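Here are a few exercises to help you find your way around. Have a look at the sequence and the 3D view, then try each task before reading its solution.

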There are 2 protein chains.
Amino acid sequence: MDLDRLVDGVRAGDRRAAARAISMVEDGDAELPELSARVFPLTGGAHTIGLTGPPGVGKSSLVNGLVGALRGRGSTAAVLAIDPTSPLSGGALLGDRVRMQEHATDPGVFIRSMATRGHLGGMALAAPEAIRILDASGKDIVFVETVGVGQAEVEVAAATDTTLVVVAPGWGDAVQAAKAGILEIADVFVVNKADLDGARDAVRDLRQMLGLGEHGAWIPPVVATAAVRSEGIDELWDAIDAHREHAAATGSLEERRRRRTIEEVEAMVAARLGDVAAEMLADDAGRALAADLAARRTDPYRAAELLLKRVGVRADVASEAGP
Amino acid sequence: MDLDRLVDGVRAGDRRAAARAISMVEDGDAELPELSARVFPLTGGAHTIGLTGPPGVGKSSLVNGLVGALRGRGSTAAVLAIDPTSPLSGGALLGDRVRMQEHATDPGVFIRSMATRGHLGGMALAAPEAIRILDASGKDIVFVETVGVGQAEVEVAAATDTTLVVVAPGWGDAVQAAKAGILEIADVFVVNKADLDGARDAVRDLRQMLGLGEHGAWIPPVVATAAVRSEGIDELWDAIDAHREHAAATGSLEERRRRRTIEEVEAMVAARLGDVAAEMLADDAGRALAADLAARRTDPYRAAELLLKRVGVRADVASEAGP
């Protein structure tokens with residue numbers, strides 16, 4: 001069977017197999033549940049690193065530098081860049097990926113952009129599946145980079161073993177980071193473009209701000225880098241390694257992975273049931289309900305109750321749970 | 001009954017009533033379904049305007065300018081700023097809202113920041129409810145501004161009658177806008193900070209890029225503004241008014257509102273069922289399933305199937321629906 005060969009290929013680290021599997025994730029292929037079920041037992045070997053931060057702070061350059069240092073140590077890497085679902089963005093994003101060209105022909109590095117338009121549940125559900133494929137392909141480190149800083153993008157970057165929040169002097173100061181909701185998800189802070197004015201202030205502000213917040217046993221370090229000059233990359237790896245060792249030693253890594261999987265299952269159930277609801281709104285009874293809504297004869301809550309009953313969930317069960 | 005008085009207060013345009021109702025949305029209050037049901041029939045009078053764009057391009061200043069011009073015409077306005085759900089961001093955001101102080105004591109203007117942490121379904125479900133409260137309060141225009149540019153934030157800003165995408169010269173050029181996935185949701189493009197170098201290039205690039213994309217009968221105009229100098233605000237209002245008239249005349253406004261409500265109901269059903277799924281994962285059988293997942297004895301898809309069966313949906317129905 002084709003899927004057998006595909007999974008064997010992924011496991012053997014074959015680039016075309018990994019690329020095809022990720023395309024299946026991208027498109028929401030019908031065989032995805034089966035693929036995902038077979039890939040799942042092969043995972044857990046890779047350390048996953050998420051990067052988030054405002055556009056323009058140099059996340060791609062930073063990943064490029066991190067991959068370079070990693071290859072120097074003899075480790076292998078995969079880079080997954082999650083693109084927005086914009087139909088117009090295809091061409092524009094290629095420019096970004098060009099920066100990674102220096103590793104494009106290295107067999108120890110796999111680089112892939114992924115749009116998530118075809119996937120039910122979008123970015124939040126497509127990303128963990130793609131990450132598992134790269135994990136199963138035997139790469140030591142899987143980087144996940146999201147474009148933009150929004151609730152969904154931040155969640156995707158945070159659903160990794162070590163989350164880097166990247167800012168730059170001036171623009172991405174501590175207050176901006178707090179506004180974007182990315183302060184509390186950082187395991188390691190990176191102030192990139194540290195050769196620019198204001199880098200020291202940014203580092204100091206972040207350390208101060210972090211001191212104010214709540215944190216557990218791990219206090220996120222703040223590392224200054226100038227990725228295009230390859231400065232600070234070793235220090236950043238030291239911080240990442242320290243976080244990994246701390247997380248493994250305290251059991252927080254295992255707990256974090258466990259919780260992540262549970263949340264994914266919950267999101268999967270919600271997405272599939274949402275789709276069932278959408279189908280119901282498209283039939284005759286659904287169209288009547290839609291007409292009632294448009295005429296304001298009923299309201300969204302009451303319409304949702306009716307659909308919940310049709311899905312088979314007792315409304316009182318749902319009411320107990322929410323809102 | 002208290003809720004009666006609250007709804008009467010909202011309808012009468014009482015600021016404290018509107019503020020309290022929005023707090024109920026923010027907190028996911030138990031009486032929210034009832035409140036929302038009573039508010040719904042009172043809506044449809046306001047024209048809603050969403051603003052999205054990268055942080056730092058001057059969205060708040062632009063809203064400030066637009067509100068000023070609106071008050072000059074004798075119209076009333078509400079401004080809803082949707083904040084990220086960051087626990088650390090509370091203080092940081094206040095600075096932003098200070099820019100709107102000039103309208104803070106004007107009874108014709110209502111300004112409110114809203115965190116959406118307590119609301120099941122987050123920003124995507126909280127925003128339309130809050131917008132309806134402001135609509136019901138009798139304001140002519142309701143502005144909705146999101147912080148950050150992510151999938152969720154863009155969707156919230158797009159779920160309005162007229163969506164403004166705001167960029168600034170240099171940083172927010174056409175390629176960046178495409179990357180952020182915000183090109184195709186714009187009804188009107190704004191290049192703010194038009195007094196800076198590169199503004200003309202940004203306007204030209206955007207017009208070119210828009211010419212490449214698909215568009216219906218409405219071609220999004222590109223307007224240059226310098227909000228802090230009050231330049232270009234009248235031109236922007238002309239563009240907004242032209243879009244509103246076009247949308248009303250062609251029926252696209254009505255169709256857009258209809259579809260928006262349907263999508264909200266779908267999201268509401270999905271969120272409530274997701275919550276039911278989360279509850280099930282917390283009981284004994286759920287904990288066993290979680291343990292199986294952690295040990296990789298089962299995979300997320302199979303776990304989701306089991307939960308779907310427990311919710312009462314036949315798995316094949318869910319499978320037919322997608323992905």
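**Exercise 1: a helix in chain A**

Helix α6 of chain A, residues 122–136, has 15 residues and spans 22 Å from first C-alpha to last, close to the 21 Å expected at 1.5 Å a residue. (The expected span is 1.5 Å times one less than the number of residues; helices are DSSP runs of H or I with at least four residues, strands are E runs of at least two, and both are numbered from the N terminus.) Before going on, note that this is a predicted model, where local features need pLDDT of at least 70 and side-chain atom pairs count only at 80 or more, while totals for chains, interfaces and linings use all residues. Residues are numbered from 1 along each chain as its sequence is written, and chains are lettered from A and ligands numbered from 1 in the order in which they are written.

Task: work out how many residues of α6(A) are buried, and what follows the helix.

Solution.
- Step 1: 15 of the 15 residues of α6(A) are buried, so the helix is largely enclosed by the rest of the structure. (Buried means 20 or more other C-beta atoms within 10 Å of a residue's own, exposed means 12 or fewer, and partly exposed is in between; C-beta atoms are placed from the backbone.)
- Step 2: after α6(A) comes Gly138(A), with a positive phi near 90°.
- Step 3: for the wider setting, chain A has 14 helices and seven strands, and 54% of its 323 residues count as buried.

**Exercise 2: the sheet in chain B**

Task: find the strand order in the sheet of chain B, then say which strands stand at its edges.

Solution.
- Step 1: the open sheet has seven strands, ordered β3-β2-β4-β1-β5-β6-β7, with parallel pairing. (Strands pair if DSSP finds at least two bridges between them.)
- Step 2: β3 (109–114) and β7 (222–224) of chain B each have a single partner strand, so one side of each lacks a neighbour in the sheet.
- Step 3: zoom in on β1 (47–52) and β4 (141–146) of chain B, which run parallel and are joined by five bridges. There, His47(B) sits opposite Ile141(B).

**Exercise 3: two helices in chain B**

Task: how do α11 and α12 of chain B pack?

Solution.
- Step 1: α11 (252–282) and α12 (284–294) of chain B pack at about 85°, with axes 4 Å apart. (Axes are lines fitted to C-alpha atoms, for helices over the stretch in contact; angles run from 0 to 180 degrees between N-to-C directions.)
- Step 2: that makes α11(B) roughly perpendicular to α12(B), a label for angles of 65 to 115 degrees.

Key. Angles under 35 degrees count as roughly parallel, over 145 as roughly antiparallel, 65 to 115 as roughly perpendicular and the rest as oblique.
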